[in-house]
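Reader: I am new to this structure and would like to begin with a close look at one part of it, before hearing about the rest. Please choose a part and explain it with care, giving the meaning of each term as you use it.

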Amino acid sequence: MSAATTRSRTPDRLCAEAVDLARAAAEEAAAPGVVGEHVGLVSEGDRVVTHFFECKELGYRGWRWAATVARASRAKIVTVDEAVLLPGPDAVLAPEWVPWSERLRPGDMGPGDLLPTDADDRRLEPGCTGEDEPPPNSAVSPDMADLVEAEELEVTDAPPAKLAVAPSRGSIAAVAEELGMRRARVLSRYGLRVAADRWEEAFGSKTPMAQAAPAACVSCGFLVPIGGSLGQAFGVCANEFSPADGRVVSLAYGCGGHSEAAVMPRPPQPAPPVIDETRVDPFPLRPAPDSGSVPEVTDEETAELGHS
Ligand code: SF4
């Protein structure tokens with residue numbers, strides 16, 4: 001009997017002693033030769049005890065045959081309740097089942113896959129639902145116009161004058177429709193926050209690339225601004241040589257491709273030509289007598305040179 005598996009409640013003595021009965025029940029339920037040593041017992045209640053036996057089947061390491069025995073009040077005969085195979089504390093078990101919706105990871109979705117969103121997805125909230133339309137009982141609503149039209153037809157045989165209804169053009173819903181903003185649901189504050197956290201982690205100021213960058217994206221010419229509230233903290237990088245090209249980056253991110261980080265050196269200009277063949281260089285025939293330096297050539301000497 002194992003003290004570790006015995007509960008504090010004192011097991012019934014007769015039931016605790018019925019190890020052979022429990023073993024026989026376990027052997028009857030198990031394949032021949034797979035019920036091993038008695039490894040413990042637990043008291044399940046008044047006069048109810050479960051005996052555990054080692055399971056020697058190779059595929060069931062750590063599992064135990066459990067045979068529960070019991071006896072009636074004031075009875076001396078112990079009988080068998082049930083015998084089952086149960087996992088012990090060291091049993092090899094399959095991982096707990098996780099629903100597919102919780103197993104999904106970013107990047108799991110492939111072409112043709114559909115990913116439904118819950119009706120109460122916390123990342124989304126109702127968008128422009130057209131609630132700015134006049135209510136149905138309003139004097140200018142389309143429903144009321146139809147009603148008035150029908151009543152007028154009953155009173156007079158003349159074709160009824162059309163009731164002016166609120167023009168759909170110009171309403172918030174119509175403008176939203178025209179701008180392509182009329183969506184059943186939009187990002188909630190929670191959805192915005194988790195997206196911002198994700199982007200900040202991938203392309204934020206704490207990444208090694210940003211820490212080593214010469215300047216932040218906010219001052220980079222390759223940053224494309226984005227609209228909405230997230231535009232206050234993020235933009236899209238449009239530098240094909242940047243690791244963040246086409247990705248949403250924090251304005252505090254940065255990389256070595258920053259537009260103003262380093263200016264491309266200008267190609268060296270060739271030196272001006274040394275020989276100018278369009279001019280005549282005066283050349284003195286003899287040095288000046290006193291200074292030893294090259295004397296200036298007089299106009300007469302130049303003329304002589306030209307004739308000779
Ligand atoms: S090139 Fe670098 S610094 Fe410029 S926007 Fe892209 S990531 Fe930011």
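**Helix 2 and its surroundings**

Author: In helix 2, which spans residues 19-29, the buried residues are Ala22, Ala25 and Ala26. Seen down the axis of helix 2, these buried residues fall within an arc of 95° (an arc of the directions from the helix axis to the C-beta atoms), so they line one face of the helix. The face of helix 2 that is turned away from this buried side carries Asp20 and Glu28, which are exposed. Here buried stands for under 20% relative accessible area and exposed for over 50%, with partly exposed in between, using a 1.4 Å probe and protein chains only. Helices (H or I, at least four residues) and strands (E, at least two) are DSSP runs, numbered from the N terminus.

Before going further, please keep in mind that this is a predicted model, in which local features need pLDDT of at least 70 and side-chain atom pairs count only at pLDDT 80 or more, while totals for chains, interfaces and linings use all residues. Residues are numbered from 1 along each chain as its sequence is written, and side-chain values use heavy atoms, leaving out hydrogens and water.

What lies over the buried residues of helix 2? The cover includes strand 1 (35-45), strand 2 (48-55), strand 3 (63-70) and strand 4 (79-87), with contact taken as heavy atoms within 4.5 Å.

A residue of strand 1, Val35, shows this meeting of helix and strands from the other side. Val35 counts as buried because its relative accessibility is 10%. Once neighbours within four places in sequence are left aside, Val35 is in contact with Arg23, Ala26, Glu27, Ala30, Phe53, Glu54 and Trp65. Among these partners is Ala26, one of the buried residues of helix 2. Val35 and Phe52 are 17 residues apart along the chain, and their C-alpha atoms are separated by 9.6 Å.

Two other partners of Val35, Arg23 and Glu27, are joined to each other by a salt bridge, with their closest N and O atoms 3.8 Å apart. A salt bridge is a side-chain nitrogen of Lys or Arg within 4 Å of a carboxyl oxygen of Asp or Glu. Both residues belong to helix 2, where they stand four residues apart, about one turn of the helix. An α-helix has 3.6 residues a turn, so residues three or four places apart point the same way. Arg23 counts as partly exposed because its relative accessibility is 22%, and Glu27 is also partly exposed, at 41%.

Similar spacing is found elsewhere in the chain. In helix 1 (residues 13-17), Arg13 and Glu17 are four residues apart, which means that about one helical turn separates them, and their side chains meet in a salt bridge of 3.3 Å, N to O. Arg13 is exposed, at 55% relative accessibility. In helix 6, Arg193 and Asp197 lie four residues apart, about one turn of the helix, and form a salt bridge whose closest N and O atoms are 3.9 Å apart. Arg193 is partly exposed at 47% relative accessibility, as is Asp197 at 43%. A search of the whole structure finds five salt bridges.

Just beyond helix 6 (189-202), in the loop that leads to helix 7 (208-211), sits Phe203, which is buried with a relative accessible area of 11%. Apart from neighbours within four places in sequence, the contacts of Phe203 are Pro243, Ala244, Arg247, Val248, Val249, Ser250 and Tyr253. Phe203 and Arg247 are 44 residues apart in sequence, while their C-alpha atoms are 8.3 Å apart in space.

Helix 2 can now be set within the whole chain. Its secondary structure comes to eight helices and nine strands, and of its 308 residues, 25% count as buried. Among contacts in the chain with a separation of 6 or more, 52% are between residues 24 or more positions apart. The structure holds zero disulfides, a disulfide being a pair of cysteine sulfur atoms within 2.5 Å. Two of the cysteines, Cys217 at 10% relative accessible area and Cys255 at 8%, are buried.
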